[in-house]
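Please open the model in a viewer and keep a selection panel at hand. The tour below proceeds by selections, each followed by a description of what is found there.

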Amino acid sequence: MPDIVVKTEDVVKEYRMGSNVLRALDGINIEIQRGEYISLMGPSGSGKSTLFNMIGALDRPTAGEVYIDGQNMSHLSQRQIAAFRCHRVGYIFQSYNLLNVRTAHGNVTLPMIFAGIPEKQRNEKAKKLLDKVGLGDRMYHLPDELSGGQRQRVAIARALANDPSIILADEPTANLDTITGREIIDLIKQLNTEQGVTVISATHDLKMLDVSDRIVDIRDGLVERIRNRDEIEIEVGEVGGHE
Amino acid sequence: MEQQRPIEEQIDLPFLESLRISFQSLKIRFGRSIITTAGITLGIAFLVSVWTNNEIEFALQESGRSSEITNIDEAAEQGISTKDIWLIIMSLIVCVVGIANSMLMAVTERFREIGTMKCLGALDGFVVRLFLLESGFQGFAGALIGALIGLLGAVILGLKNYGLDLFFYFPLLPARPENGPFQLGVLLLILFGCVLGMILAVIGSSFPAWRAAKLPPAEAMRTEV
Ligand SMILES: Nc1ncnc2c1ncn2[C@@H]1O[C@H](COP(=O)(O)OP(=O)(O)OP(=O)(O)O)[C@@H](O)[C@H]1O
Ligand SMILES: [Mg+2]
């Protein structure tokens, strides 16, 4: 029996601006299995980030249901949603979203503070995670003192703080150069293969294709098609050929 | 595997932990905090200087020292209190508006941070508490600086008007003269200014903080500053 981590049922999201209603998601149905690496692809404005927000409980859908680990997210209390964000999901954003008032180390410890982990333990864990992402020597720097790639590494370490079962990444490489982007992708992929973390990533980045198990193409708020890895590899070859 | 594990309830953060987070934040944003605090400092400085000035005049009148001076202007004895009550009310309004405005700005420019903290598992209540703590500290510190500046201003003005006599009759402690209103005294006045600044800062930030904390993280993080 496949182990479904994320399931969406006819998820609709509308944004109201005055009398205008913009339908960003128009009935999304997807199922994501545990341990998968999924890329959400699609043109700008197609609804990737909106879907990302629905899956990550960062916003509520206008209609439809999101199930994570079999739980209907709309049935959760405020405290449960906070705990869900704290323990189950690690978020990675295009613009890093580090807290500028906290050092790299302070950013990584924050989710553990929210989780009530004792100080000594969380300091050790933060150190271990920052070492893992290659920032052991930059631990006490503020985000302002780090490069884009380094900031994204801190964000990844922070996302891992409470051992989430899902990593949600919204265009994690969009602000990075090709080589740094590649390193970040490899790092995320490594978490996926070594720790079995489910990765769901919105991206324009073709480098993401060859690490994905499946690619969900989104267009105008709908799932246009879902491609498997074997279908993808051919296309990556083609892409390579164009360069 | 951990599948179907029910989702637990988020715990409340110990107060000390909130205190530490707010302190760290204030320390790093020190320059910025001072700008925010400037509104409070100015308001309280104005209030304290007007009030101190008023008490100095009263104390010197009581002592009979300033009689020569006030006699120059016959209307003064009657006029002083109403004029100064107005000034004090005005300065209070300046305080309230200045502080509310600073706090609104301080919260608005941190929407993104609020959204991010909620992504990491912060409860709405924690976000509100964090802002109340920070604004309380800022309010107290800003008001203390403001009160000292206001006091200095009043003393300089007093020296100009009454010369060194000022220090013989300086209204340091509270007093209850027979023929006049209760005099707070400068020490209590400073304390009053600090507490007032703190309370106003906390009140001023509570509404914007509460509103920001209620926003879904996606919306809070959309705001680019
Ligand atoms: N908070 C909002 N208010 C109003 N409209 C919104 C809001 N968020 C998204 N939209 C609209 O919803 C649509 C989908 O936006 P979304 O951000 O999900 O696109 P995207 O696929 O992530 O695009 P990109 O690749 O540029 O990041 C867009 O038309 C956008 O303008
Ligand atoms: Mg997007």
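## The domains of chain A

Begin by colouring chain A by its domain assignment, which gives domain 1 (4–88 + 164–242) and domain 2 (94–111 + 119–159). The model is a predicted one. Taken over C-alpha atoms, the centres of domain 1 of chain A and domain 2 of chain A are separated by 24 Å. Next, select the contact between them: domain 1 of chain A contributes 14 residues and domain 2 of chain A contributes nine residues. On the domain 1 side, strand S7 (166–170) and helix H6 (178–195) of chain A each supply at least two residues. The largest share of that side, five residues, belongs to H6(A). Colouring the domain 1 side by class shows nine nonpolar, two polar and three charged residues.

## Helix H3 of chain A

Select residues 104–114 of chain A, which form helix H3. Is this helix mostly covered, or mostly uncovered? H3(A) is mostly covered, with eleven of its eleven residues buried. Among them are A:His105, A:Asn107, A:Met112 and A:Phe114. To see what surrounds the helix, add H2, helix H4 (119–132) and helix H5 (148–159) of chain A, together with H1 of chain B; the buried residues of H3(A) pack against these elements. Just after H3(A), inspect the backbone at A:Gly116, where phi is positive, at about 80°.

## Where the two chains touch

Now display both chains and select their contact, which takes 30 residues from chain A and 29 residues from chain B. Helix H2 (78–87) and helix H3 (104–114) of chain A each provide at least two residues of the chain A side. Which element supplies the largest share of that side? H2(A) does, with eight residues. By class, the side of chain A that touches chain B has 14 nonpolar, eight polar and eight charged residues.

## Chain B and its helix H1

Hide chain A and show chain B as a cartoon: nine helices and zero strands appear. Of its 225 residues, 41% count as buried. Among contacts in chain B with a separation of 6 or more, 87% join residues 24 or more positions apart.

Select helix H1 (residues 15–28) of chain B and query the distance between its end C-alpha atoms. At 1.5 Å a residue, the 14 residues of this helix should span 20 Å, and the ends are 20 Å apart, which agrees. Then show B:Ile21, B:Ser22 and B:Ser25, the buried residues of H1(B). Looking down the axis of H1(B), one finds these buried residues within an arc of 95°, so they line one face of the helix. They pack against helix H6 (124–162) of chain B. On the face turned away from the buried side, select the exposed residues B:Leu16 and B:Lys27.

## The largest nonpolar core

Finally, restore both chains and select the largest nonpolar core, a set of 118 residues; A:Ile167, A:Leu168, B:Ile44, B:Val48 and B:Val127 touch the most other members. Its largest share, 13 residues, comes from helix H2 (residues 30–62) of chain B. Each of domain 1 and domain 2 of chain A contributes at least three residues to this core. Centre the view on B:Ile44: leaving aside neighbours within four places in sequence, its contacts include B:Cys95, B:Ala143, B:Ala147 and B:Leu196. Also in contact with B:Ile44 are B:Gly146, B:Gly150, B:Gly193 and B:Gly197.

Definitions and conventions: Residues numbered from 1 in each chain as written. Chains lettered and ligands numbered in written order. Predicted model: local features only at pLDDT ≥ 70, side-chain atom pairs only at ≥ 80, totals over all residues. Core = buried A, V, L, I, M, F, W, Y, C linked by C-beta atoms within 7 Å. Buried ≥ 20, exposed ≤ 12 C-beta atoms within 10 Å, placed from the backbone. Helix = DSSP H or I, 4+ residues; strand = E, 2+ residues; numbered from the N terminus. Domains from an automatic or database assignment. Contact = placed C-beta atoms within 7 Å. Expected span 1.5 Å × (residues − 1). Arc of directions from axis to C-beta. Nonpolar A, V, L, I, M, F, W, Y, C, P; charged D, E, K, R; others polar.
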